[in-house]
Amino acid sequence: MGMFDDILGKAKDVADVAGKKTGEFVETSKLKFQCVQINNEIKALYEKLGSAVYSMAKSGYENPELVKSIVDEISELLQKLNETSEKIADIKNVSICTCCGAKNSTESYYCSKCGNKISSEFSKEYEDMASKAEEHSPENDEGKDI
Ligand SMILES: [Zn+2]
């Protein structure tokens, strides 16, 4: 009976780990949505730039400041898009400290900046659980009361 309670306890822990993974997924989805929004903004600016250039060519009136401002806006957004894509890649390989926001390797147990316990602690627990679950494999439980 004790062992069964133990398994139930572990199952709850596994659910907690799954919760963390879900949070990660939500964060990635949010960033992907941001990428789409930035892409749309860039598209709109290209259109704006095109129509500005058209008007200038048509009227013969030069407005280099307007062109430069649109070009700068596009460059800024492209940079933002780059950073957002990097963030998405980072989430897969990096644990962000919940305390100070510093990036740590998923191998780390504690934040390199503030020493806070980081979420990769959960993956260690998950590994422990996996090895414990192996001990309780059906073969080993044969002939025992559960
Ligand atoms: Zn930290």
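1. Helices, as the term is used here, are DSSP runs of H or I with at least four residues, and Thr84 has its place in one of them, helix H2, which spans residues 64-93. The model under review is a predicted one, and the remarks below should be read with that in mind.

2. On the overall architecture, the secondary structure of the protein amounts to 4 helices and 2 strands, and, read from the N terminus on, these elements follow the order α-α-β-β-α-α. Of the 146 residues of the protein, 3% count as buried. Where contacts link residues at least 6 apart in sequence, 42% of them join residues at least 24 apart.

3. As to confidence, the average pLDDT of the protein is 80, and 68% of the residues score at least 70. Among the elements, H2 has the highest mean pLDDT, at 91, while helix H4, covering residues 138-141, has the lowest, at 52.

4. Returning to Thr84, I would note that its surroundings can be described in some detail. Thr84 is partly exposed, because 17 other C-beta atoms lie within 10 Å, and a residue would need 20 or more to be buried. Once its neighbours within four places in sequence are left aside, Thr84 is in contact with Leu31, Gln34, Cys35 and Ile38. For one of these partners, Leu31, the C-alpha to C-alpha distance from Thr84 is 6.4 Å, although the two residues are 53 apart in sequence.

5. Ser85 is likewise found in helix H2, and with 15 other C-beta atoms within 10 Å it is therefore partly exposed. Ser85 and Cys35 are 50 residues apart in sequence, yet their C-alpha atoms are 7.3 Å apart in space; Cys35 also appears among the contacts of Thr84.

6. A further position for inspection is Tyr109, which lies outside the helices and strands, in the loop between strand E2 (103-105) and helix H3 (120-135). Tyr109 counts as partly exposed because it has 13 C-beta neighbours inside 10 Å, whereas a residue with 12 or fewer would be exposed. Along the chain, Tyr109 and Ser95 are 14 residues apart, and their C-alpha atoms are separated by 9.6 Å.

Methods
Residues numbered from 1 in each chain as written. Predicted model: local features only at pLDDT ≥ 70, side-chain atom pairs only at ≥ 80, totals over all residues. Contact = placed C-beta atoms within 7 Å. pLDDT = per-residue confidence, 0-100.
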